[in-house]
Every structure is written in C-alpha cells, then in structure tokens.
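Open the model in your viewer and keep the sequence panel beside it. This tour goes stop by stop: select, look, move on.

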Amino acid sequence: MNYPAFLDRLGNLGNTGATVFLLMLLTACSSTPVTQQLQQYDFGPLSTTASATSVPPNQGKLQISIAEVTIPPALDSNAMLYRLQYDNVQQLKAYSLHRWSMPPAQLLAQRLKAVLVAQGADVLANTDGANLPILRLEIDEFSQIFTAVNQSNAHISLRASVIKGHKLIAQKSFQQKVATNTADAPGGARAMREAADASIAEIQTWIMSLPLK
C-alpha cells in the first residue's frame, strides 16, 4: 500500500470523515467468519419395519443376554470415519465437524436391544442373565467408504457369537454395504443407520433359527 497517498486521502476527508472511515476499517479487520457448528448424529427412532414383530408362530419368546460389544481401538470413538478407496483405503479419516453421539459399539448395542425388545424379546445385560444364552458382537468395520469423489457406501462388518453355559452354540459373520444418497457426512450417517438396521435384522433371524432351549 502507498501509505503517504493513503494518509493524504484520509486527511482530505476531514476529522469526522476520517474518524468514520477508521472505525469502518477497524470493524472490517476485527470481524471473523461465522464458526461452523459441530453436528452430532445417532440412529434416530426405530422405523415401523424394525419395530414390527416378526417372530415365527412356532417359536417361543426370545430370552437372551447381550454382552458388551467389542470394537478395534481405531474405531472406538465418536468420530465419523471414512476411507478413500481410490486413494489409500487402508487410511482412516475423520470428518472434522460431524460426529456420532456415542461410539459405534454403543450405538449398535443400543439399537439391537431396542429392536429386540420392541419385537417382544426379553433382553438382559450379561451380568444379569446368568442362565440365558449370551450374544457377543465384534465389530470389524464401521465406516463410510468413498469409491469415487461423489460416490460412497456405508460399510458394517461384524461377527456374532452365541454362547450358553460356557459353550459356543453358533458363530456367524455379517456384512452390510449401503449406498449413500449424498457423498457426504449426512448421507453417510443415514446409510450407516440403514446398514445397522439391516445387520440387526439378519442377526435376529439367525438367532431365532438356533436351538437355544
């Protein structure tokens, strides 16, 4: 800036004009952009489909104990994680302004219990249901994977084990991939909810097929 010329023009404004001009300049310099707010997500209320009773008529009432869901340390936080398949799919990245309301293991456990109870099951904590079969879930993947800049899918991969009397009754792996309607954090959150509900529906069907009596 040509400071002599600037001061010369400022002097031509007169005392009042110069004062107003300086106040406007100071206000403009001190103003800061509006800070974006952190957005938090959960799975929302149960859908009508998820809460509808689907127990076969020849099956008795499901009674089961649910152990604490385990998850790798890298996934065990409130961060909304994603991967870039077209760049380095082995690297986990986190959205800076979008987070889960609780870690994925807690989100999935809460959703699973809510769905089972809504469908008439008796669900107890692992410490309370000493004589009941125990369901253990191990999450291996819980992230949004971008196959292109404008295309992504929600991925959930987990293993379920049912144990009764310290004996393994059955074990099975479940995987869900749901396309996002928008390749961003909100779209990823919606798709992760759909993938979680689909995983829970498959787990419930599998449990009901086991000889637990």
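**First stop: a hairpin**

Select β7 and β8: they form a hairpin with two residues between them. In the turn, pick G165, which has a positive phi of about 60°. Helices (H or I, at least four residues) and strands (E, at least two) are DSSP runs, numbered from the N terminus.

A word on what you are viewing. This is a predicted model, where local features need pLDDT of at least 70 and side-chain atom pairs count only at pLDDT 80 or more, while totals for chains, interfaces and linings use all residues. Residues are numbered from 1 along each chain as its sequence is written, and side-chain values use heavy atoms, with hydrogens and water left out.

**Zoom out**

Show the whole chain as a cartoon. The protein has five helices and eight strands. Follow the sequence and the pattern reads α-α-β-α-β-β-β-α-β-β-β-β-α.

Switch on the surface. Its accessible area is about 12,600 Å², and 53% of that belongs to carbon and sulfur atoms. Accessible areas come from the Shrake-Rupley method with a 1.4 Å probe; for residues, only the protein chains shown count as cover.

Colour by burial next. Of the 213 residues, 39% count as buried. Buried means under 20% relative accessible area, exposed means over 50%, and partly exposed lies in between (1.4 Å probe, protein chains only).

How much of the contact count comes from residues 24 or more positions apart? Such pairs account for 67% of the contacts with a separation of 6 or more. Contact here means heavy atoms within 4.5 Å.

**Strand β7 and its partners**

Select residues 151-164, which make up β7. Of its 14 residues, 10 are buried, so β7 is largely enclosed by the rest of the structure.

Add β6, residues 134-148. β6 and β7 pair in the antiparallel sense over 13 bridges. Two strands pair if DSSP finds at least two bridges between them. These strands also form a hairpin, with two residues between them. To see one bridge, select L135 and its partner in β7, V162.

Now add β8, residues 167-179. It runs antiparallel to β7, and 12 bridges join the two. Pick H155 here: its bridge partner in β8 is K177.

In a regular strand the side chains alternate between the two faces of the sheet.

**S152: buried or exposed?**

Select S152, in strand β7. S152 is buried, with a relative accessible area of 2%. Show its side chain. One polar contact goes to the side chain of Q144, at 2.9 Å. Another goes to the side chain of T180, at 2.7 Å. A polar contact is a pair of N or O atoms within 3.5 Å; within protein, one must be able to donate a hydrogen and the other to accept it, and residues adjacent in sequence count only if both atoms are side-chain atoms.

Widen the selection around S152. Leaving aside neighbours within four places in sequence, S152 is in contact with Q144, I145, F146, T147, A179, T180, T182 and A183.

**Charged pairs**

Side chains of opposite charge can pair when their charged atoms come close. How many salt bridges does the structure hold? There are five salt bridges. A salt bridge is a side-chain nitrogen of Lys or Arg within 4 Å of a carboxyl oxygen of Asp or Glu.

Select R159 and E138. Their closest N and O atoms are 3.1 Å apart, in a salt bridge. R159 sits in β7 and E138 in β6, 21 residues apart. R159 is partly exposed at 27% relative accessibility, and E138 is partly exposed at 27% too.

Keep R159 and add D140. Here the N to O distance is 2.6 Å. R159 lies in β7 and D140 in β6, so the pair ties together parts 19 residues apart in sequence. D140 is partly exposed, at 33%. Shared partners join E138, D140 and R159 into one network.

Move to D122 and K61. Their side chains meet in a salt bridge at 3.1 Å, N to O. D122 belongs to strand β5 (residues 122-125), and K61 to the loop between α3 (48-51) and β2 (63-66). They are 61 residues apart. D122 is partly exposed at 26%, and K61 is partly exposed at 47%.

**Last stop: helix α5**

Select residues 185-208, then A198 within this helix. A198 counts as partly exposed, at 25% relative accessibility. Now return to K177. A198 and K177 are 21 residues apart in sequence and 9.6 Å apart in space, C-alpha to C-alpha.
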